[in-house]
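Trainee: Could you take me closely through one part of this model, starting from a single side chain and working outwards to what surrounds it? I would like a connected account that I can follow with the structure open.

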Amino acid sequence: MTGKIYSASTTAPVNIATLKYWGKRDTKLNLPTNSSISVTLSQDDLRTLTTASAAEFFESDKLWVNGKEESVHGPRLVACFTELRALRKTLEDANPELLALSKYHLHIVSENNFPTAAGLASSAAGFAALVQAVAKLYELPQSPEELSIIARQGSGSACRSLFGGYVAWEMGQEADGSDSRAVQISTQEAWPDMKAAILVISASKKETSSTVGMQTTVNTSTLFKYRTEVVVPQRFKEMSEAIVNKDFETFGKLTMIDSNQFHAVCLDSSPPVFYLDDTSRLVIGLIEKVNKIYGRVVAAYTFDAGPNSVLYYLKKDELIVLGLLKAAMPDIGGWDMKSYTASIAPAVPDGVDPCSFEALREGVSRIILTGVGPGPQKTDEVLIDGNGLPK
């Protein structure tokens with residue numbers, strides 16, 4: 001193999017929805033039936049690193065994820081490659097001096113630092129990193145909003161991982177998806193006190209994939225139409241305002257009731273779609289109890305299409321939230337990943353029954369402590385070697 005390899009690397013974050021996207025009005029273009037909102041999490045703890053490379057001697061497109069070669073023939077990946085190459089070719093046509101990278105095959109190497117297919121939005125970070133890395137390689141002038149339209153076609157929620165902070169995915173109205181894109185509601189700097197504790201309840205692959213579960217709900221749930229047409233539009237407005245106003249009480253309440261309704265709609269499907277398990281329900285009960293004891297929203301739970309729990313809370317309540325979790329689950333993995341947790345004493349508020357703690361210890365395997373973070377970041381770290389293969 002001889003010849004120059006051109007490459008660019010990018011990291012991209014995980015985002016966790018607080019107003020859920022569930023259901024597609026167009027499965028090919030990944031057009032949602034409702035708008036959604038998410039929080040972008042810190043890449044110090046959860047991120048995908050991707051190197052995109054191109055060379056004249058590459059014989060075909062190739063993709064490696066976490067050391068394993070994956071197919072590049074899936075329609076979602078093909079759609080992203082096709083659109084990105086078309087944008088590069090537009091630049092090349094306008095400037096004949098540019099290298100014809102659009103004609104070269106691509107080698108993509110991607111690595112996650114978290115479990116894939118375990119309810120932690122791995123596809124969102126993955127496609128966001130891929131699109132951003134190829135855009136950097138091609139030196140495309142498109143904005144994050146414009147690139148989010150491409151990332152959306154790879155994985156719906158990937159469009160939200162093109163931004164940091166607090167992000168909305170506007171469903172749009174156009175049939176071609178040209179107005180279905182992500183926009184930033186607020187930066188991480190505007191509300192930096194948001195923290196998150198992820199309780200990894202199951203790192204195994206889901207029994208029902210998001211794609212299958214989603215279409216089952218769209219086709220069979222009688223509650224679904226009311227959710228998308230009446231409930232979500234109002235919550236979208238209220239949650240956006242709560243984020244801008246840094247109103248955690250409203251944000252937390254909306255986050256929890258939307259998570260509950262999302263899973264209710266899944267249960268209303270035929271056959272019913274189950275993502276929560278007994279441990280998930282214990283977490284819900286514990287947080288509801290703590291919030292009742294304090295008379296305010298100390299922490300807010302949310303569950304995506306999986307049993308893992310994401311708890312949002314503000315820094316000012318860190319001792320309460322982490323003290324409780326440490327009392328309930330002192331020996332699970334992850335506490336040692338943050339130095340400050342050593343000084344947090346286990347604490348059980350009066351009124352919380354520790355009887356459920358044993359079941360929690362058995363059901364939760366790991367805790368990931370993180371917070372709000374930035375969008376994709378350019379990096380000098382390269383995952384590909386001089387032969388165009390993973391290092």
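Mentor: In this predicted model, a polar atom of the side chain of Gln43 lies 2.6 Å from the backbone oxygen of Gly375, and the side chain of Gln43 also makes a polar contact, of 2.5 Å, with the side chain of Thr11. Gln43 belongs to the loop between β5 (36-40) and β6 (47-55). With a relative accessible area of 11%, Gln43 falls under the 20% limit and is therefore buried. If residues up to four places away in sequence are not counted, Gln43 touches Thr11, Ala12 and Pro13, then Asn113, and finally Pro374, Gly375, Pro376 and Gln377.

Two of those neighbours, Pro13 and Pro376, lead on to Ser161, since both are also among the residues in contact with Ser161 once its neighbours within four places in sequence are left aside. The other contacts of Ser161 in that list are Val14, Asn15, Ala124, Ala125 and Ala128, and the side chains of Ser161 and Asn15 are joined by a polar contact of 2.8 Å. Ser161 sits in the loop between α3 and β10 (166-170), and its relative accessibility of 0% places it among the buried residues.

From that loop one can step back to helix α3 itself, where eight of the 11 residues are buried, so that the helix is largely enclosed by the rest of the structure. The buried residues are Leu147, Ser148, Ile149, Ile150, Ala151, Arg152, Gln153 and Gly154, and the elements that cover them include β4 (31-32), α1, α2 (122-138), β10 and β11 (181-186).

Of these covering elements, α1 deserves a closer look. The axes of helix α1 (residues 75-94) and helix α3 (residues 144-154) come within 7 Å and cross at roughly 155 degrees. Because that angle is over 145 degrees, α1 counts as roughly antiparallel to α3. On the α1 side the contact is made by Arg76, Ala79, Cys80, Glu83, Leu84 and Leu87, and on the α3 side by Leu147, Ile150, Gln153 and Gly154. Sorted by class, the residues of this contact are six nonpolar, two polar and two charged.

Leu147 also connects this helix pair with a wider grouping. The largest nonpolar core has 64 residues, of which Leu41, Phe251, Tyr312 and Leu325 touch the most other members; apart from that core lies another, of 44 residues, and Leu147 is among its members, as are Ala8, Ala12 and Phe127. Ala12 brings us back to the starting point, as it is one of the residues that Gln43 touches. As background, nonpolar side chains in soluble globular proteins tend to be buried together.

Some details of the backbone elsewhere may also be worth finding on the model. Asn66, in the loop between β7 (62-65) and β8 (68-70), has a positive phi of about 50 degrees although it is not a glycine, and with a relative accessible area of 37% Asn66 is partly exposed. Lys246, in the loop between α5 (224-244) and α6, likewise is not a glycine and has a positive phi, of about 55 degrees, while its 47% relative accessibility makes Lys246 partly exposed. Finally, the peptide bond from Ser270 to Pro271 is cis, with omega near 0 degrees, and Pro271 is placed in the loop between α6 (248-267) and α7 (278-294).

Technical notes
Residues numbered from 1 in each chain as written. Predicted model: local features only at pLDDT ≥ 70, side-chain atom pairs only at ≥ 80, totals over all residues. Heavy atoms only, no water. Axes fitted to C-alpha atoms, helices over the stretch in contact; angles between N-to-C directions. Helix = DSSP H or I, 4+ residues; strand = E, 2+ residues; numbered from the N terminus. Parallel < 35°, antiparallel > 145°, perpendicular 65-115°, else oblique. Contact = heavy atoms within 4.5 Å. Nonpolar A, V, L, I, M, F, W, Y, C, P; charged D, E, K, R; others polar. Core = buried A, V, L, I, M, F, W, Y, C linked by side-chain atoms within 4.5 Å. Buried < 20%, exposed > 50% of the residue type's maximum accessible area, 1.4 Å probe, protein only. Polar contact = N/O pair within 3.5 Å; in protein donor to acceptor, adjacent residues only side chain to side chain.
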